[in-house]
Amino acid sequence: MPQPRRVYCVQVGISYHQRSDAWTSQDGQFGNHTLSQVKNFQEDLGLSVDGKVGKNTGSEVLWGIEHAKVEKNGPWTTPWGVSIDNCYHVVPSHF
């Protein structure tokens, strides 16, 4: 089972990457809705559609996190008290 902060990072990154209003909540839970959003995200970007957040998907997720930070004028804290900058430590990527 993925860690809530890792899932939260994925949820935030995809939301900001796609400028999507599709998220009903960024709750840190990797349920069916999040799985569906990850697969749609992968398909939209021409990535392998497997619902897993590996290095290719993770790199795109972190791109979304960077844009979220710009929009919010800097890092912010997740509901678990972890800085969004820690997403770089929990989301697989090429960075």
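Leaving aside its neighbours within four places in sequence, with which residues is Cys 87 in contact? Contact here means heavy atoms within 4.5 Å. On that basis, Cys 87 is in contact with Cys 9, Leu 62 and Ile 65.

The model is a predicted one, in which local features need pLDDT of at least 70 and side-chain atom pairs count only at pLDDT 80 or more, while totals for chains, interfaces and linings use all residues. Residues are numbered from 1 along each chain as its sequence is written, and side-chain values use heavy atoms, with hydrogens and water left out.

The protein holds four helices and zero strands, so that its elements, read from the N terminus on, run α-α-α-α. Helices (H or I, at least four residues) and strands (E, at least two) are DSSP runs, numbered from the N terminus. Of the 95 residues in the protein, 39% are buried, a term that means under 20% relative accessible area, with exposed over 50% and partly exposed in between (1.4 Å probe, protein chains only).

The interior can be described through its largest nonpolar core, which has 17 residues. A nonpolar core is a set of buried Ala, Val, Leu, Ile, Met, Phe, Trp, Tyr and Cys residues joined through side-chain atoms within 4.5 Å. Val 12, Cys 87 and Val 91 touch the most other members of this core. At least two of its residues come from each of helix H1 (4-18), helix H2 (32-44), helix H3 (55-71) and helix H4 (87-90). H1 supplies the largest share, six residues.

Cys 87 also takes part in the one disulfide of the structure. A disulfide is a covalent bond between the sulfur atoms of two cysteines; the criterion applied is a pair of cysteine sulfur atoms within 2.5 Å. The sulfur atoms of Cys 9 and Cys 87 lie 1.9 Å apart. Their link joins distant parts of the chain, with Cys 9 in helix H1 and Cys 87 in helix H4, 78 residues apart. The angle about the S-S bond is -80 degrees, and the link is left-handed. Both Cys 9 and Cys 87 are buried.

Helix H3 has 17 residues and reaches 24 Å from its first C-alpha to its last, close to the expected 24 Å, where the expected span is 1.5 Å times one less than the number of residues. Among its buried residues are Val 61, Leu 62, Ile 65 and Ala 68. H3 is followed by Asn 73, whose phi is positive, near 60 degrees.
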